[in-house]
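Reader: I should like to go through the labels used for this structure and the criteria behind them. Please set each value against its definition.

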Amino acid sequence: MTDLRNALHDLADAEPLAPLGSDLWQRGRATRRSAQVQWVAASIVVLAVVGAIALLGRVWIPPDPAGTPLAPEGALSTVVHSPTGPAAQWHADDGAHGSLAPDTGFERIGRVGIVRSRPGLLPVVVSAETGRHWLPVLPDVTDDFALGDPITVSPDGWRIAYPWVVSGTTTSETRAGVAVVDLRSGAVDRVTLTGRNQRPIRIEELSWSPNGTRLGWLGDEVVSWEDGGWSSRGPVVNVGAIAFDGTPLVSTNFVVEKGSRGSDAVTVDNTGRVFYLGNRRLWAFTDRGEEASWRLAGVDGNGWTSATLTRDGNDLVVGTGSTGYGEDLGTGVVHIDVSSRALVGTGPDSGTVAGRFEAWNGLGEAHSVAPVGFSPQGSLVAVVTPAAGENTLTVQTKNLRGGVRTLTHSADNLSDPLSVATDLADQPPIDAPEPDWPMSDERKVLLTLLAFAAVLLPGWIAVRLWRLRRRAAA
């Protein structure tokens with residue numbers, strides 16, 4: 001063993017010493033610093049890329065479908081999709097994730113076929129040309145003030161109307177009314193509405209005239225508005241109509257005093273005459289301030305959902321269903337002749353007017369029927385809420401011969417309100433695929449982690465291999 005040790009020492013002494021150089025330590029530190037800088041730079045680049053992708057995901061929704069329009073002249077989509085699961089929760093948590101910034105970019109949507117209100121969430125707006133689904137951020141929407149979010153699209157599909165609110169800590173600081181989006185220009189016009197006590201009016205229902213030049217509304221004047229909440233419902237209701245024949249927009253405003261508040265509905269004709277049906281009494285108001293009312297005869301019950309007029313303005317059609325107010329009439333519509341020959345008399349009690357109930361023998365059992373308007377060919381367009389056990393909200397039409405067909409349906413079992421552009425109801429509907437919704441925050445975090453792993457893992461493997469080769473060489 002001693003001879004072997006001596007032989008090894010002699011061999012080592014015979015080998016020349018490798019020159020290390022006086023700057024070896026400095027070069028090693030510089031190399032380490034360079035590696036650290038590269039890692040930091042790579043991390044910054046990854047964060048910038050992931051952040052840019054996340055930002056684009058907050059502002060834009062990928063086109064759906066891509067390419068040329070499916071219906072250049074406009075049509076309704078056969079299916080209305082809505083975000084579900086994490087995507088739906090994400091929209092509820094942060095409305096700023098919508099496809100549009102407030103007050104800007106609405107002209108990019110173009111003509112709209114369907115609008116779906118989703119209380120507490122962003123509305124779904126479906127293009128009439130491509131079937132693309134948008135999630136616009138509507139300016140001045142307050143979830144705890146608007147009742148049911150009655151967002152509606154005009155008969156021609158070029159306007160969207162909805163309640164707006166700028167809330168304050170007291171009643172006097174709160175302003176409210178109706179906002180109208182012009183989808184050609186992207187402009188948002190607002191009408192401020194107050195009751196006879198100069199308090200803001202909370203909008204409950206919106207209804208277009210047959211030609212889309214007037215918008216009827218129904219609401220309550222807020223009794224009190226404080227930090228703790230608000231109250232309004234009572235025997236007094238406000239109704240009116242907004243005219244689109246000038247700028248700024250103006251609205252009539254009428255007060256109806258009733259003994260009790262039950263089910264009701266409102267609409268307006270092409271001249272600005274407002275029809276309000278409350279319980280079993282019909283009121284009519286002209287834009288000159290003239291008022292008349294009639295007791296509704298021939299109908300045993302109520303349960304009104306919504307109202308509309310035929311294109312000639314002579315037939316008032318009111319939907320019925322199980323509303324929980326008074327005696328339900330059944331599921332269908334009530335026809336009321338509101339022509340000049342039928343509505344005789346003036347003043348608050350002008351006699352009676354006849355109503356005729358028509359059951360809705362549609363496709364599947366219905367819980368309620370809400371008329372939206374009439375198509376150019378005279379078919380009644382209505383949103384049908386399914387009965388218990390059914391899962392699909394549908395838009396159906398009934399022609400003059402009583403034939404019923406489905407235009408569109410919801411892709412889920414939610415009963416959120418739908419509004420459709422009735423001028424497009426006679427066109428063949430378009431088939432559009434389900435859109436790619438914006439990513440949820442959870443998906444963004446997951447993608448960020450995966451991106452980091454994709455960048456760091458190859459580097460870590462390379463360093464490990466380099467160290468193993470050094471050890472093997474040594």
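Author: A residue is buried under 20% relative accessible area, exposed over 50%, and partly exposed in between (1.4 Å probe, protein chains only). This is a predicted model, in which local features need pLDDT of at least 70 and side-chain atom pairs count only at pLDDT 80 or more, while totals for chains, interfaces and linings use all residues. Residues are numbered from 1 along each chain as its sequence is written, and side-chain values use heavy atoms, with hydrogens and water left out.

Reader: Why is Q198 called exposed?

Author: Q198 has a relative accessibility of 61%, and the label applies over 50%; therefore Q198 counts as exposed. Q198 belongs to the loop between β8 (188-192) and β9 (201-208). Strands here are DSSP runs (E, at least two residues), numbered from the N terminus.

Reader: What makes the phi of Q198 notable?

Author: Most residues other than glycine have a negative phi. Q198 is a residue other than glycine, yet its phi is positive, near 60°.

Reader: Why is T406 called partly exposed, and why is G216 called buried?

Author: The relative accessibility of T406 is 32%, which falls between the limits of 20% and 50%, so T406 counts as partly exposed. G216 has 0%, which is under 20%; therefore G216 counts as buried. T406 is part of strand β27 (residues 404-410), and its C-alpha atom is separated by 9.8 Å from that of V384, 22 residues apart along the chain. G216 is part of strand β10 (residues 214-221), with 8.2 Å between its C-alpha atom and that of E205, eleven residues apart along the chain.

Reader: How do you know that F254 and F285 form a stacked pair?

Author: Rings of Phe, Tyr and Trp (its six-membered ring) pair if their centres lie within 6.5 Å; planes under 30 degrees apart count as stacked, over 60 as edge-to-face and the rest as tilted. The search of the whole structure finds three aromatic pairs. In one of them, F254 and F285, the centres are 4.7 Å apart and the planes make an angle of 15°, hence the label stacked. The pair links distant parts of the chain, with F254 in strand β15 (residues 254-257) and F285 in strand β18 (residues 281-285), 31 residues apart. Both F254 and F285 are buried.

Reader: What makes the pair of Y276 and W283 tilted?

Author: The centres of Y276 and W283 are 5.7 Å apart and the planes make an angle of 45°, which is neither under 30 nor over 60 degrees, so the pair is tilted. Y276 counts as buried because its relative accessibility is 0%, and W283 is buried with a relative accessible area of 8%.

Reader: How do you know that a charge sits over the ring of F244?

Author: The criterion requires NZ of Lys or CZ of Arg within 6 Å of the ring centre and within 35 degrees of the ring normal. The charged end of R159 sits over the ring of F244, 4.4 Å from its centre. K398 likewise lies over the face of W360, at 4.6 Å from the ring centre.

Reader: What makes β5, β6, β7 and β8 an open sheet?

Author: Two strands pair if DSSP finds at least two bridges between them. β5 and β6 pair over two bridges, eight bridges join β6 to β7, and five join strand β7 (residues 175-182) to β8. The four strands form an open sheet in the order β5-β6-β7-β8, with antiparallel pairing. The edge strands, β5 (152-153) and β8, each pair on one side only.

Reader: Which residues stand opposite one another in these pairings?

Author: T152 stands opposite A161 in β6, and V166 stands opposite R175 in β7. In β8, R190 is the bridge partner of A179 and T192 is that of G177. The hairpin of β5 and β6 has five residues between the strands, with G157 at a positive phi near 80°. The hairpin of β7 and β8 also has five residues between them, and G186 in the turn has a positive phi of about 85°.

Reader: What makes strand β6 mostly covered?

Author: Six of the eight residues in strand β6 (residues 159-166) are buried.
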